[in-house]
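This report describes a single protein chain, moving from its overall make-up to particular residues and their surroundings. Please keep the sequence and the structure in view while reading.

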Amino acid sequence: MEALFCLSPRYRLDDELPWLEGIDPSRHYWIMVNGDKNLTVALPGLIVSAKSELKQVMQQFRSLQPGEQMTLARIADTCKIHCVSSNCYAIEAEINGFPVWHLFDQETLDSLLMTAHPDWQCAPKDIELGRRLLLRSFEQMAAIKN
């Protein structure tokens, strides 16, 4: 079987195909690439410690101009958001060892980022997504012995 290679899947809130599996408690966005349930990725999302920090990040996101980018720093990794055009934003990721940009319109990415609000709680069914992410991390090698 050939590995699926996606160039730029695009997501909108009003898509006909469901693409958002959920958002886990650690604010990872679980995306079904091009609506394919067999190809799900967990994109690291925004985490803030205070409402004032969320406000600053949202202002920075909404002021991005085409060609500009911003980085969302997390404990274990980072996430880059690129402004491709006036209503098109990309989040970098890797699928099957290949770099992929997941494209979002402003309304959709704005909605995802707003889940960083300190009072936001994930849906009860999405707690299992967090467990899946934890299991994935246990499968990865932490150090290489020379």
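The text below covers the overall fold, a strand hairpin, the aromatic pairs, the nonpolar core and a few individual residues.

## Basis of the description

This is a predicted model, in which local features need pLDDT of at least 70 and side-chain atom pairs count only at pLDDT 80 or more, while totals for chains, interfaces and linings use all residues. Residues are numbered from 1 along each chain as its sequence is written, and side-chain values use heavy atoms, with hydrogens and water left out.

## Overall make-up

The chain contains 3 helices and 8 strands, where helices (H or I, at least four residues) and strands (E, at least two) are DSSP runs numbered from the N terminus. Along the sequence these elements follow the pattern β-β-β-β-α-β-β-β-β-α-α. Of the 146 residues, 38% count as buried; buried means under 20% relative accessible area, exposed means over 50%, and partly exposed lies in between (1.4 Å probe, protein chains only). The accessible surface comes to about 9200 Å², of which 53% belongs to carbon and sulfur atoms, the areas being obtained by the Shrake-Rupley method with a 1.4 Å probe, and for residues only the protein chains shown count as cover. Among the contacts (heavy atoms within 4.5 Å) with a separation of 6 or more, 50% are between residues 24 or more positions apart.

## The hairpin of strands 7 and 8

Strand 7 (residues 88-95) and strand 8 (residues 98-104) run antiparallel and are joined by 7 bridges; two strands are said to pair if DSSP finds at least two bridges between them. Ala-93, for example, has Val-100 in strand 8 as its bridge partner. The hairpin has 2 residues between the strands, and Asn-96 takes a positive phi near 50° there.

## Aromatic pairs and the nonpolar core

Rings of Phe, Tyr and Trp (its six-membered ring) pair if their centres lie within 6.5 Å, and planes under 30 degrees apart count as stacked, over 60 as edge-to-face and the rest as tilted. By this rule the chain has 2 aromatic pairs, set out below.

| Pair | Distance between ring centres | Angle between planes | Class |
|---|---|---|---|
| Trp-19 and Phe-104 | 6.0 Å | 65° | edge-to-face |
| Phe-61 and Tyr-89 | 4.8 Å | 50° | tilted |

The pair of Trp-19 and Phe-104 links distant parts of the chain, with Trp-19 in the loop between strand 1 (10-11) and strand 2 (20-23) and Phe-104 in strand 8, 85 residues apart. Both Trp-19 and Phe-104 are buried. The pair of Phe-61 and Tyr-89 also links distant parts, namely helix 1 (residues 51-62) and strand 7, at a separation of 28 residues. Phe-61 is buried with a relative accessible area of 0%, and Tyr-89 is buried at 2%.

In soluble globular proteins, nonpolar side chains tend to be buried together. A nonpolar core is taken here as a set of buried Ala, Val, Leu, Ile, Met, Phe, Trp, Tyr and Cys residues joined through side-chain atoms within 4.5 Å. The largest such core has 31 residues, of which Leu-46, Phe-61, Ile-81, Phe-104, Leu-109 and Leu-113 touch the most other members. Among the elements that give two or more residues to this core are strand 4 (40-44), strand 5 (69-73), strand 6 (78-85) and helix 2 (106-113). Leaving aside residues up to four places away in sequence, Phe-61 touches Met-70, Ile-81, Tyr-89, Gln-106, Leu-109, Asp-110 and Leu-113.

## Residues around strands 2 and 3

Ile-23, in strand 2, is buried at 8% relative accessibility. The C-alpha atoms of Ile-23 and Thr-115 are 8.4 Å apart in space, although the two residues are 92 apart in sequence. Beyond four places in sequence, Ile-23 touches residues including His-28, Leu-112, Thr-115 and Trp-120.

His-28 lies in strand 3 (residues 28-32) and is buried at 10% relative accessibility. The side chains of His-28 and Ser-26 are joined by a polar contact of 2.8 Å, meaning a pair of N or O atoms within 3.5 Å, where within protein one must be able to donate a hydrogen and the other to accept it, and residues adjacent in sequence count only if both atoms are side-chain atoms.

Arg-27, in the loop between strand 2 and strand 3, is buried at 13% relative accessibility. Phi of Arg-27 is positive, near 65°. Pro-118, in the loop between helix 2 and helix 3 (127-139), is partly exposed at 36%. Apart from neighbours within four places in sequence, Pro-118 is in contact with Arg-27, Val-48, Ala-50 and Lys-51.
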